[in-house]
Amino acid sequence: MADRVFDTPELAYGEVQSCAAHTQMLREQGFRVTESVADIPTAVMGEAGEGGPIIAILGEYDALPSLSQEAGLAEPKQIAEHGFGHGCGHNLLGSAALSAATAVKDWLEAEGISGRVRYYGCPAEEGGAAKTYMVRDGQFDDVDIAITWHPASFNAVDDMRSLANTRIDFTFHGKAAHAAVAPELGRSALDAIELMNIGVNYMREHMPDGSRIHYAYLDAGGIAPNVVQSKATVRHLIRSPSLQGLASLVERVRAIADGAALMSGTSVTSKVFSAVSNLTRNRPLSEAMQAEFEALGPVPFDADDAAFATRIRESLSREDIADTFERLAMKPDYDKPLCDFIAPLDRPFMGGMGSTDVGDVSWAVPTVQARVATCAVGTALHSWQQTAQGKAPAAHKGMLHASKVMAATARAALLDGSLIAVAKQAHADHLAEYPYVCPIPAGTTPPIGK
(Lines give C-alpha, C1' and ligand atoms only; values in the text may rest on other atoms or scores of the structure.)
Protein backbone atom coordinates (compact mmCIF):
# COMPACT_ATOMS: atom_id res chain seq x y z
CA MET A 1 0.00 0.00 0.00
CA ALA A 2 2.89 2.37 0.70
CA ASP A 3 4.07 1.95 -2.89
CA ARG A 4 0.56 2.47 -4.28
CA VAL A 5 0.21 5.71 -2.34
CA PHE A 6 3.67 6.78 -3.51
CA ASP A 7 2.56 6.26 -7.13
CA THR A 8 -0.55 8.47 -6.70
CA PRO A 9 0.81 11.55 -4.88
CA GLU A 10 -1.94 13.98 -3.91
CA LEU A 11 -1.86 17.31 -2.10
CA ALA A 12 -3.69 18.43 1.04
CA TYR A 13 -7.41 17.61 1.07
CA GLY A 14 -7.15 16.10 -2.40
CA GLU A 15 -5.94 12.64 -1.30
CA VAL A 16 -8.87 10.82 -2.90
CA GLN A 17 -6.96 7.78 -4.17
CA SER A 18 -4.71 7.55 -1.12
CA CYS A 19 -7.64 7.70 1.29
CA ALA A 20 -9.50 5.12 -0.80
CA ALA A 21 -6.52 2.76 -0.57
CA HIS A 22 -6.44 3.09 3.21
CA THR A 23 -10.21 2.69 3.47
CA GLN A 24 -10.12 -0.46 1.35
CA MET A 25 -7.30 -1.90 3.47
CA LEU A 26 -9.19 -1.14 6.69
CA ARG A 27 -12.23 -3.02 5.40
CA GLU A 28 -10.10 -5.95 4.23
CA GLN A 29 -8.50 -6.18 7.66
CA GLY A 30 -11.88 -6.23 9.42
CA PHE A 31 -12.05 -2.76 10.95
CA ARG A 32 -15.31 -0.92 11.54
CA VAL A 33 -14.89 2.02 9.17
CA THR A 34 -16.07 5.62 9.47
CA GLU A 35 -15.58 7.75 6.39
CA SER A 36 -15.49 11.55 6.01
CA VAL A 37 -14.35 12.04 9.60
CA ALA A 38 -15.13 15.59 10.82
CA ASP A 39 -16.84 16.15 7.45
CA ILE A 40 -13.47 15.92 5.70
CA PRO A 41 -13.90 13.70 2.60
CA THR A 42 -10.33 12.36 2.70
CA ALA A 43 -10.25 11.53 6.43
CA VAL A 44 -11.08 8.00 7.57
CA MET A 45 -11.17 6.10 10.85
CA GLY A 46 -11.15 2.35 11.46
CA GLU A 47 -11.90 0.83 14.86
CA ALA A 48 -11.55 -2.70 16.24
CA GLY A 49 -12.01 -4.32 19.62
CA GLU A 50 -14.57 -3.88 22.38
CA GLY A 51 -14.62 -2.02 25.70
CA GLY A 52 -11.52 -1.02 27.61
CA PRO A 53 -9.10 1.79 26.79
CA ILE A 54 -9.05 3.35 23.33
CA ILE A 55 -5.67 3.58 21.61
CA ALA A 56 -5.41 5.88 18.57
CA ILE A 57 -2.70 5.30 15.97
CA LEU A 58 -2.31 8.22 13.58
CA GLY A 59 -1.48 7.97 9.89
CA GLU A 60 -0.97 10.46 7.07
CA TYR A 61 -0.80 10.16 3.27
CA ASP A 62 -0.56 13.63 1.70
CA ALA A 63 2.24 14.57 -0.69
CA LEU A 64 4.05 17.80 -1.56
CA PRO A 65 4.14 20.00 -4.68
CA SER A 66 7.19 20.19 -6.96
CA LEU A 67 8.81 17.05 -5.55
CA SER A 68 8.10 14.64 -8.37
CA GLN A 69 11.00 12.20 -8.50
CA GLU A 70 11.60 8.76 -9.96
CA ALA A 71 12.04 6.27 -7.15
CA GLY A 72 15.24 4.28 -6.84
CA LEU A 73 17.52 6.81 -8.57
CA ALA A 74 20.40 8.53 -6.82
CA GLU A 75 20.07 11.58 -9.05
CA PRO A 76 17.26 14.07 -9.59
CA LYS A 77 14.80 13.01 -12.31
CA GLN A 78 11.25 14.29 -12.29
CA ILE A 79 8.40 11.99 -13.28
CA ALA A 80 6.36 15.05 -14.22
CA GLU A 81 7.56 18.63 -14.41
CA HIS A 82 6.43 20.49 -11.28
CA GLY A 83 4.58 17.33 -10.26
CA PHE A 84 3.72 16.12 -6.79
CA GLY A 85 5.86 13.75 -4.76
CA HIS A 86 6.17 12.07 -1.36
CA GLY A 87 9.09 14.15 -0.18
CA CYS A 88 8.13 13.73 3.48
CA GLY A 89 7.52 9.98 3.48
CA HIS A 90 3.82 10.08 4.22
CA ASN A 91 3.24 7.11 1.94
CA LEU A 92 5.25 5.18 4.54
CA LEU A 93 3.77 6.99 7.53
CA GLY A 94 0.17 5.99 6.93
CA SER A 95 1.01 2.45 5.88
CA ALA A 96 3.07 1.75 9.00
CA ALA A 97 0.40 3.23 11.25
CA LEU A 98 -2.30 1.07 9.67
CA SER A 99 -0.02 -1.96 9.96
CA ALA A 100 0.48 -1.23 13.67
CA ALA A 101 -3.25 -0.83 14.24
CA THR A 102 -3.86 -4.14 12.46
CA ALA A 103 -1.28 -5.89 14.64
CA VAL A 104 -2.93 -4.54 17.80
CA LYS A 105 -6.37 -5.54 16.49
CA ASP A 106 -5.22 -9.11 15.83
CA TRP A 107 -3.49 -9.30 19.23
CA LEU A 108 -6.57 -8.07 21.11
CA GLU A 109 -8.69 -10.70 19.38
CA ALA A 110 -6.20 -13.51 19.87
CA GLU A 111 -5.66 -12.76 23.57
CA GLY A 112 -9.28 -11.89 24.38
CA ILE A 113 -8.21 -8.58 25.91
CA SER A 114 -10.67 -5.75 26.44
CA GLY A 115 -9.64 -2.64 24.55
CA ARG A 116 -10.06 -0.81 21.28
CA VAL A 117 -7.61 0.37 18.67
CA ARG A 118 -8.37 3.07 16.13
CA TYR A 119 -6.53 3.97 12.98
CA TYR A 120 -7.00 7.61 12.03
CA GLY A 121 -6.20 8.30 8.38
CA CYS A 122 -5.41 12.01 8.49
CA PRO A 123 -5.09 14.17 5.36
CA ALA A 124 -3.47 17.55 4.85
CA GLU A 125 -0.68 17.51 7.43
CA GLU A 126 1.37 19.64 5.04
CA GLY A 127 -0.16 23.00 5.84
CA GLY A 128 -3.81 21.97 5.92
CA ALA A 129 -4.18 21.28 9.67
CA ALA A 130 -6.70 18.47 9.26
CA LYS A 131 -5.98 17.04 12.71
CA THR A 132 -6.67 20.44 14.26
CA TYR A 133 -10.12 20.42 12.68
CA MET A 134 -10.60 16.80 13.80
CA VAL A 135 -9.66 17.72 17.38
CA ARG A 136 -12.01 20.72 17.30
CA ASP A 137 -14.77 18.39 16.05
CA GLY A 138 -14.32 16.11 19.08
CA GLN A 139 -12.92 13.13 17.19
CA PHE A 140 -10.40 12.39 19.98
CA ASP A 141 -12.59 13.17 22.98
CA ASP A 142 -12.92 9.52 24.08
CA VAL A 143 -9.38 8.43 23.15
CA ASP A 144 -7.03 7.49 26.02
CA ILE A 145 -3.66 7.78 24.26
CA ALA A 146 -2.41 8.48 20.74
CA ILE A 147 0.64 7.00 19.02
CA THR A 148 2.32 7.98 15.77
CA TRP A 149 5.68 8.19 13.99
CA HIS A 150 7.49 9.97 11.19
CA PRO A 151 10.09 8.79 8.67
CA ALA A 152 13.57 10.12 9.38
CA SER A 153 17.24 9.42 8.82
CA PHE A 154 17.67 8.42 12.48
CA ASN A 155 15.98 6.38 15.23
CA ALA A 156 14.60 8.17 18.27
CA VAL A 157 11.57 8.81 20.38
CA ASP A 158 10.55 12.30 19.33
CA ASP A 159 11.31 15.06 21.82
CA MET A 160 7.87 16.52 21.00
CA ARG A 161 9.00 20.02 20.21
CA SER A 162 7.42 21.96 17.39
CA LEU A 163 6.21 25.43 16.49
CA ALA A 164 2.59 26.44 16.79
CA ASN A 165 1.61 28.28 13.65
CA THR A 166 -1.15 29.90 11.72
CA ARG A 167 -1.48 30.85 8.05
CA ILE A 168 -3.49 34.01 7.51
CA ASP A 169 -4.41 35.46 4.14
CA PHE A 170 -4.47 39.28 4.17
CA THR A 171 -6.32 40.85 1.24
CA PHE A 172 -5.96 44.57 0.67
CA HIS A 173 -8.60 46.47 -1.25
CA GLY A 174 -7.72 49.75 -2.96
CA LYS A 175 -8.76 51.68 -6.02
CA ALA A 176 -7.62 51.13 -9.58
CA ALA A 177 -6.36 54.03 -11.68
CA HIS A 178 -4.11 54.79 -14.64
CA ALA A 179 -0.61 54.70 -13.14
CA ALA A 180 0.67 57.51 -15.42
CA VAL A 181 -2.33 59.69 -16.27
CA ALA A 182 -3.99 59.86 -12.85
CA PRO A 183 -1.99 57.99 -10.21
CA GLU A 184 -3.33 60.34 -7.52
CA LEU A 185 -6.75 58.73 -7.97
CA GLY A 186 -5.43 55.25 -7.23
CA ARG A 187 -4.89 53.48 -3.94
CA SER A 188 -2.52 50.55 -4.38
CA ALA A 189 -3.26 47.27 -2.68
CA LEU A 190 0.21 46.11 -3.72
CA ASP A 191 1.77 49.08 -1.94
CA ALA A 192 -0.17 48.05 1.15
CA ILE A 193 1.27 44.54 1.07
CA GLU A 194 4.80 45.89 0.66
CA LEU A 195 4.27 48.22 3.61
CA MET A 196 2.92 45.33 5.67
CA ASN A 197 5.90 43.15 4.83
CA ILE A 198 8.30 45.95 5.76
CA GLY A 199 6.52 46.33 9.09
CA VAL A 200 6.72 42.60 9.79
CA ASN A 201 10.39 42.56 8.82
CA TYR A 202 11.14 45.34 11.31
CA MET A 203 9.20 43.38 13.95
CA ARG A 204 11.53 40.38 13.61
CA GLU A 205 14.16 41.97 15.85
CA HIS A 206 11.60 42.23 18.62
CA MET A 207 10.13 38.73 18.57
CA PRO A 208 10.86 35.97 21.11
CA ASP A 209 13.67 33.58 20.20
CA GLY A 210 12.50 30.66 18.11
CA SER A 211 9.59 32.52 16.53
CA ARG A 212 9.35 32.66 12.75
CA ILE A 213 7.31 34.57 10.17
CA HIS A 214 7.28 33.76 6.45
CA TYR A 215 5.16 35.12 3.64
CA ALA A 216 4.14 34.44 0.05
CA TYR A 217 2.22 36.51 -2.48
CA LEU A 218 -0.97 34.75 -3.51
CA ASP A 219 -2.15 37.63 -5.71
CA ALA A 220 0.21 40.48 -6.54
CA GLY A 221 -2.51 42.52 -8.21
CA GLY A 222 -1.99 41.58 -11.84
CA ILE A 223 0.66 41.87 -14.53
CA ALA A 224 0.03 45.42 -15.78
CA PRO A 225 2.47 47.92 -14.22
CA ASN A 226 0.53 50.85 -15.72
CA VAL A 227 -2.51 49.99 -13.58
CA VAL A 228 -2.68 50.82 -9.87
CA GLN A 229 -3.46 47.45 -8.33
CA SER A 230 -6.83 47.53 -6.61
CA LYS A 231 -6.65 44.14 -4.91
CA ALA A 232 -3.76 41.98 -3.70
CA THR A 233 -3.36 39.12 -1.23
CA VAL A 234 -0.44 37.92 0.86
CA ARG A 235 -0.29 34.83 3.09
CA HIS A 236 1.67 35.16 6.31
CA LEU A 237 2.80 32.03 8.13
CA ILE A 238 3.38 32.94 11.78
CA ARG A 239 5.15 30.46 14.08
CA SER A 240 5.88 30.40 17.80
CA PRO A 241 7.18 27.77 20.24
CA SER A 242 3.94 28.09 22.22
CA LEU A 243 0.25 28.69 21.64
CA GLN A 244 0.35 31.68 23.96
CA GLY A 245 3.26 33.21 22.05
CA LEU A 246 1.48 32.58 18.77
CA ALA A 247 -1.60 34.50 19.88
CA SER A 248 0.56 37.50 20.80
CA LEU A 249 2.41 37.48 17.46
CA VAL A 250 -0.83 37.19 15.50
CA GLU A 251 -2.21 40.23 17.28
CA ARG A 252 0.91 42.23 16.39
CA VAL A 253 0.87 41.15 12.73
CA ARG A 254 -2.79 42.09 12.44
CA ALA A 255 -2.00 45.52 13.83
CA ILE A 256 0.75 45.96 11.24
CA ALA A 257 -1.72 45.00 8.49
CA ASP A 258 -4.16 47.64 9.75
CA GLY A 259 -1.34 50.18 9.79
CA ALA A 260 -0.36 49.34 6.22
CA ALA A 261 -3.95 49.84 5.12
CA LEU A 262 -4.06 53.20 6.90
CA MET A 263 -0.82 54.39 5.29
CA SER A 264 -1.86 53.32 1.80
CA GLY A 265 -5.46 54.47 1.93
CA THR A 266 -6.75 50.93 1.44
CA SER A 267 -8.76 48.52 3.54
CA VAL A 268 -7.80 45.01 4.63
CA THR A 269 -9.65 41.79 5.29
CA SER A 270 -8.16 38.56 6.58
CA LYS A 271 -8.98 34.86 6.67
CA VAL A 272 -7.27 32.10 8.63
CA PHE A 273 -6.23 29.40 6.17
CA SER A 274 -5.00 26.89 8.76
CA ALA A 275 -3.42 26.73 12.21
CA VAL A 276 -1.74 24.14 14.43
CA SER A 277 -0.54 23.97 18.02
CA ASN A 278 2.91 23.12 19.30
CA LEU A 279 3.58 19.53 20.37
CA THR A 280 3.35 18.73 24.07
CA ARG A 281 5.48 15.94 25.51
CA ASN A 282 4.09 13.13 27.65
CA ARG A 283 6.99 11.78 29.67
CA PRO A 284 5.40 8.45 30.74
CA LEU A 285 4.54 7.52 27.15
CA SER A 286 7.95 8.63 25.89
CA GLU A 287 9.66 6.38 28.44
CA ALA A 288 7.41 3.47 27.49
CA MET A 289 8.11 3.87 23.78
CA GLN A 290 11.85 4.21 24.42
CA ALA A 291 11.82 0.88 26.26
CA GLU A 292 9.97 -0.87 23.44
CA PHE A 293 12.23 0.71 20.80
CA GLU A 294 15.36 -0.41 22.63
CA ALA A 295 13.95 -3.92 23.03
CA LEU A 296 13.39 -4.13 19.27
CA GLY A 297 16.70 -2.49 18.40
CA PRO A 298 17.46 -0.35 15.33
CA VAL A 299 16.09 -1.02 11.85
CA PRO A 300 17.73 -4.19 10.38
CA PHE A 301 19.27 -2.71 7.24
CA ASP A 302 21.51 -4.86 5.03
CA ALA A 303 24.50 -4.30 2.74
CA ASP A 304 22.35 -3.51 -0.30
CA ASP A 305 20.50 -0.84 1.70
CA ALA A 306 23.82 0.69 2.73
CA ALA A 307 25.07 0.67 -0.86
CA PHE A 308 22.07 2.63 -2.15
CA ALA A 309 22.28 5.03 0.79
CA THR A 310 25.93 5.63 -0.04
CA ARG A 311 25.00 6.59 -3.60
CA ILE A 312 22.34 8.98 -2.30
CA ARG A 313 24.87 10.56 0.05
CA GLU A 314 27.05 11.53 -2.89
CA SER A 315 24.48 14.26 -3.58
CA LEU A 316 24.59 15.50 0.02
CA SER A 317 27.03 17.92 1.61
CA ARG A 318 29.03 17.34 4.77
CA GLU A 319 26.75 19.90 6.40
CA ASP A 320 23.68 17.82 5.47
CA ILE A 321 25.20 14.73 7.05
CA ALA A 322 26.45 16.58 10.12
CA ASP A 323 23.00 18.07 10.69
CA THR A 324 21.48 14.65 11.43
CA PHE A 325 23.98 13.97 14.20
CA GLU A 326 24.03 17.53 15.55
CA ARG A 327 20.26 17.46 16.08
CA LEU A 328 20.86 14.41 18.29
CA ALA A 329 23.73 16.16 20.10
CA MET A 330 26.18 13.63 18.67
CA LYS A 331 29.52 13.91 16.91
CA PRO A 332 29.07 13.43 13.14
CA ASP A 333 30.06 10.09 11.66
CA TYR A 334 30.62 10.73 7.96
CA ASP A 335 31.17 7.04 7.21
CA LYS A 336 27.76 5.84 8.46
CA PRO A 337 25.32 5.63 5.51
CA LEU A 338 22.33 4.40 7.56
CA CYS A 339 21.42 4.87 11.20
CA ASP A 340 22.29 1.77 13.26
CA PHE A 341 21.55 3.12 16.73
CA ILE A 342 18.67 4.47 18.84
CA ALA A 343 19.21 7.93 20.27
CA PRO A 344 18.89 8.33 24.04
CA LEU A 345 15.62 9.70 25.34
CA ASP A 346 17.23 12.48 27.33
CA ARG A 347 19.37 14.45 24.92
CA PRO A 348 20.09 18.17 24.72
CA PHE A 349 17.82 20.22 22.52
CA MET A 350 19.92 21.52 19.65
CA GLY A 351 17.33 23.79 18.04
CA GLY A 352 15.48 23.67 14.75
CA MET A 353 11.74 22.96 14.75
CA GLY A 354 9.01 22.62 12.18
CA SER A 355 5.25 22.44 12.67
CA THR A 356 2.71 19.62 12.62
CA ASP A 357 -0.98 19.18 13.33
CA VAL A 358 -0.06 16.23 15.56
CA GLY A 359 0.47 19.08 18.02
CA ASP A 360 -3.26 19.56 18.47
CA VAL A 361 -3.80 15.85 19.09
CA SER A 362 -1.13 16.05 21.80
CA TRP A 363 -3.17 18.77 23.52
CA ALA A 364 -6.34 16.65 23.27
CA VAL A 365 -4.88 13.34 24.53
CA PRO A 366 -1.51 12.03 25.79
CA THR A 367 0.55 11.49 22.63
CA VAL A 368 3.89 9.91 21.74
CA GLN A 369 5.78 9.84 18.45
CA ALA A 370 8.72 7.87 17.08
CA ARG A 371 11.27 8.87 14.49
CA VAL A 372 12.38 5.82 12.54
CA ALA A 373 15.13 5.60 9.93
CA THR A 374 13.90 5.00 6.39
CA CYS A 375 16.60 6.80 4.39
CA ALA A 376 20.28 7.71 4.22
CA VAL A 377 21.83 9.67 7.05
CA GLY A 378 21.74 13.35 6.09
CA THR A 379 18.63 13.14 3.91
CA ALA A 380 16.51 16.24 4.35
CA LEU A 381 12.75 16.00 4.41
CA HIS A 382 11.01 17.86 1.57
CA SER A 383 13.84 17.02 -0.84
CA TRP A 384 14.18 15.00 -4.04
CA GLN A 385 16.53 12.65 -2.17
CA GLN A 386 13.76 11.81 0.30
CA THR A 387 11.34 11.13 -2.55
CA ALA A 388 13.91 9.00 -4.39
CA GLN A 389 14.16 6.68 -1.40
CA GLY A 390 10.40 6.40 -0.83
CA LYS A 391 10.02 2.92 -2.35
CA ALA A 392 13.47 1.54 -1.54
CA PRO A 393 13.87 -1.70 0.44
CA ALA A 394 15.39 0.37 3.27
CA ALA A 395 12.22 2.48 3.41
CA HIS A 396 10.09 -0.66 3.63
CA LYS A 397 12.26 -2.03 6.43
CA GLY A 398 12.03 1.22 8.37
CA MET A 399 8.28 1.41 7.80
CA LEU A 400 7.67 -2.10 9.17
CA HIS A 401 10.02 -1.46 12.08
CA ALA A 402 8.04 1.68 12.93
CA SER A 403 4.83 -0.35 12.94
CA LYS A 404 6.41 -2.75 15.46
CA VAL A 405 7.53 0.12 17.72
CA MET A 406 4.03 1.62 17.71
CA ALA A 407 2.22 -1.68 18.17
CA ALA A 408 4.54 -2.68 21.02
CA THR A 409 3.91 0.66 22.73
CA ALA A 410 0.15 0.18 22.38
CA ARG A 411 0.45 -3.35 23.79
CA ALA A 412 2.42 -2.05 26.78
CA ALA A 413 -0.31 0.50 27.51
CA LEU A 414 -3.09 -2.07 27.23
CA LEU A 415 -1.30 -4.55 29.48
CA ASP A 416 -0.36 -1.96 32.10
CA GLY A 417 -3.35 0.15 33.04
CA SER A 418 -1.17 2.28 35.30
CA LEU A 419 0.75 3.56 32.26
CA ILE A 420 -2.40 5.07 30.78
CA ALA A 421 -3.33 6.50 34.17
CA VAL A 422 0.00 8.24 34.76
CA ALA A 423 0.09 9.45 31.15
CA LYS A 424 -3.36 11.00 31.55
CA GLN A 425 -2.38 12.59 34.85
CA ALA A 426 0.73 14.14 33.30
CA HIS A 427 -1.44 15.43 30.46
CA ALA A 428 -3.98 16.90 32.91
CA ASP A 429 -1.20 18.60 34.89
CA HIS A 430 0.04 20.27 31.71
CA LEU A 431 -3.43 21.50 30.74
CA ALA A 432 -3.99 22.86 34.24
CA GLU A 433 -1.03 25.17 33.73
CA TYR A 434 -1.49 25.80 30.00
CA PRO A 435 -5.15 25.50 28.94
CA TYR A 436 -5.75 24.55 25.32
CA VAL A 437 -7.37 27.06 23.00
CA CYS A 438 -7.89 25.83 19.45
CA PRO A 439 -5.83 28.08 17.15
CA ILE A 440 -8.45 27.87 14.39
CA PRO A 441 -11.28 30.34 14.98
CA ALA A 442 -14.80 29.02 15.42
CA GLY A 443 -16.67 28.94 12.13
CA THR A 444 -13.52 28.51 10.03
CA THR A 445 -13.83 25.45 7.80
CA PRO A 446 -11.09 23.28 6.25
CA PRO A 447 -9.69 24.77 3.02
CA ILE A 448 -11.00 21.88 0.94
CA GLY A 449 -10.60 22.53 -2.76
CA LYS A 450 -8.62 25.74 -2.15
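In what sense, and over how many bridges, do S7 and S10 pair? In this predicted model, the pairing of S7 and S10 is antiparallel and extends over 9 bridges. One example of the register is Ile-168, whose bridge partner in S10 is Val-272. This pairing is a good place to begin a walk through the sheet and its surroundings.

It helps to set the scene with the chain as a whole. The secondary structure consists of 13 helices and 11 strands, and the C-alpha trace spans about 80 × 50 × 40 Å along its principal axes. A compact globule of 450 residues would have a radius of gyration near 22 Å, and the 23 Å of this chain therefore agrees with that expectation. Of the 450 residues, 53% are buried. The accessible surface amounts to about 18,500 Å², and carbon and sulfur atoms contribute 53% of that area. Contacts also reach far along the sequence: among those between residues at least 6 apart, 80% join residues at least 24 apart.

Returning to the sheet, S7 and S10 belong to an open arrangement of 4 strands with the order S8-S9-S7-S10 and antiparallel pairing. Strand S8 (212-219) and strand S10 (267-276) lie at the edges with a single partner strand each, so one side of each has no neighbour in the sheet. From one strand to the next, the twist averages 20 degrees.

On its other pairing, S7 runs antiparallel to S9, and 10 bridges join the two strands. Within this pair, Asn-165 has Arg-239 of S9 as its bridge partner. S7 is also largely enclosed by the rest of the structure, because 8 of its 10 residues are buried. Strands of a sheet pair through backbone hydrogen bonds, in either a parallel or an antiparallel sense.

Strand S9 (residues 231-240) also pairs with S8, again in the antiparallel sense, over 7 bridges. Here His-214 finds its bridge partner in Leu-237 of S9. Two helices then complete this part of the picture. Helix H5 (residues 189-203) packs on the sheet and touches strand S7 (164-173), S8 and S9; the direction of H5 makes about 15 degrees with that of S9. Helix H6 (residues 243-264) packs on the sheet as well, with S7, S8, S9 and S10 among the strands that H6 touches. The direction of H6 makes about 10 degrees with that of S7.

Notes
Residues numbered from 1 in each chain as written. Predicted model: local features only at pLDDT ≥ 70, side-chain atom pairs only at ≥ 80, totals over all residues. Heavy atoms only, no water. Pairing = 2+ DSSP bridges. Axes fitted to C-alpha atoms, helices over the stretch in contact; angles between N-to-C directions. Contact = heavy atoms within 4.5 Å. Rg over C-alpha atoms; globule rule 2.2 N^0.38 Å. Buried < 20%, exposed > 50% of the residue type's maximum accessible area, 1.4 Å probe, protein only. Areas by Shrake-Rupley, 256 points an atom, 1.4 Å probe, with all protein chains shown as cover.
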